Amino acid sequence: MPGIFAGWHNDCIQVFAGESMIIQKQVIEKSGIPLLKRLLHVVAGSQKVTADNIAHVSTPGYKSKSIDFHKEMAAALKKEKVSLQTTDPKHIPSPEKPHGIKTIINEDENNQSGVNNVDIDKEMATLAENQILFAYGAKAAMQKFTILRNVIRGRS
């Protein structure tokens, strides 16, 4: 008897894994949620880089850093997949992983502060822009999840 149940259990796992992949591909990926996830990831990275720049505003010789927001978001639209080798047909393939965010070091020798090339006004404007983008991304993701929850519950 244990052999019968073990085979049944494995079949259930395969069916569940297949349904999970269908849900992932047909619902989640087409909803725009992965793009919003990437937006939040890029904006959070930009916020960290900007905070580092502000923290080093009076550090002699420090070179400011930045993130190319448009390039990072364009990379998210390409949908490059990470492929992993599975050694057994029952293994579930890995989901797409986000790319790392590339930081650009500003080599400009223009010392606006007299100490380094950090422009505090520009950094404060970047902080405000990041805050607006993050708030938008979080609100849009919340709306997408609300729509999915309502669809699952059968509401419109």
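# A tour that starts at helix 3

Select helix 3 and look at His70, Lys71, Leu77 and Lys78: these residues are exposed, on the other side of the helix from its buried ones. Keep in mind as you go that this is a predicted model.

Now find the buried residues of helix 3, which spans residues 69-78: they are Glu72, Met73 and Ala76. They cover an arc of only 95° around the axis, so they sit on the same side of helix 3. What do these buried residues pack against? Show helix 2 and strand 1 and you have the answer: the buried residues of helix 3 pack against both.

**Stop 1: Lys71 and a partner along the chain**

Stay on helix 3 for a moment and click on Lys71, which lies there. Lys71 counts as exposed because its relative accessible area is 56%, and the cut-off for exposed is over 50%. Next, select Lys102 as well. Lys71 and Lys102 are 31 residues apart along the chain, and 9.5 Å separates their C-alpha atoms.

**Stop 2: Arg38 and Glu72**

Move over to helix 2 and pick out Arg38, which has its place there. Is Arg38 buried or exposed? Arg38 is buried, since its relative accessible area is 6% and buried means under 20%. Turn on the side chains and bring back Glu72, one of the buried residues of helix 3. The side chains of Arg38 and Glu72 make a polar contact, at 2.8 Å.

**Stop 3: the second largest pocket**

Here's a bit of empty space to explore. The second largest pocket holds about 240 Å³ of space. Which residues are closest to its centre? Select Ser46, Ser66, Ile67, Thr126 and Glu129: out of the 16 residues that line this pocket, these are the closest to the centre. Then colour helix 2 (33-55), strand 1 (65-67) and helix 4 (120-153), the elements that each give two or more residues to the lining. If you colour the lining by class instead, you'll find 6 nonpolar, 6 polar and 4 charged residues.

Zoom in on Glu129, which lies in helix 4. Glu129 counts as partly exposed because its relative accessibility is 49%, and partly exposed covers what falls between under 20% and over 50%. Add Val43 to your selection. Glu129 and Val43 are 86 residues apart in sequence, yet their C-alpha atoms are 9.2 Å apart in space.

**Stop 4: a glycine in a loop**

Follow the chain to the loop between helix 2 and strand 1, where you'll find Gly61. Gly61 counts as exposed because its relative accessibility is 58%. What does Gly61 touch, leaving out residues up to four places away in sequence? Select Val115 and Asn116, the residues that Gly61 touches on that count. Try the distance tool on Asn116: from C-alpha to C-alpha, Gly61 and Asn116 are 5.2 Å apart in space, while 55 residues apart in sequence.

**Last stop: the whole chain**

Zoom out and show the cartoon from end to end. The chain's secondary structure comes to 4 helices and 2 strands. Starting at the N terminus, the elements run α-α-β-α-β-α. Of its 156 residues, 20% count as buried. Now think back to the pairs you selected along the way. Counting contacts in the chain with a separation of 6 or more, 80% are between residues 24 or more positions apart.

Conventions
Residues numbered from 1 in each chain as written. Predicted model: local features only at pLDDT ≥ 70, side-chain atom pairs only at ≥ 80, totals over all residues. Heavy atoms only, no water. 1 Å grid on protein atoms, 1.4 Å probe; cavity = no way out; pocket = protein on both sides within 12 Å on 5 of 7 lines; lining within 4 Å. Points joined across faces, edges and corners; volume = space filled by probe spheres on them. Nonpolar A, V, L, I, M, F, W, Y, C, P; charged D, E, K, R; others polar. Buried < 20%, exposed > 50% of the residue type's maximum accessible area, 1.4 Å probe, protein only. Polar contact = N/O pair within 3.5 Å; in protein donor to acceptor, adjacent residues only side chain to side chain. Arc of directions from axis to C-beta. Contact = heavy atoms within 4.5 Å.
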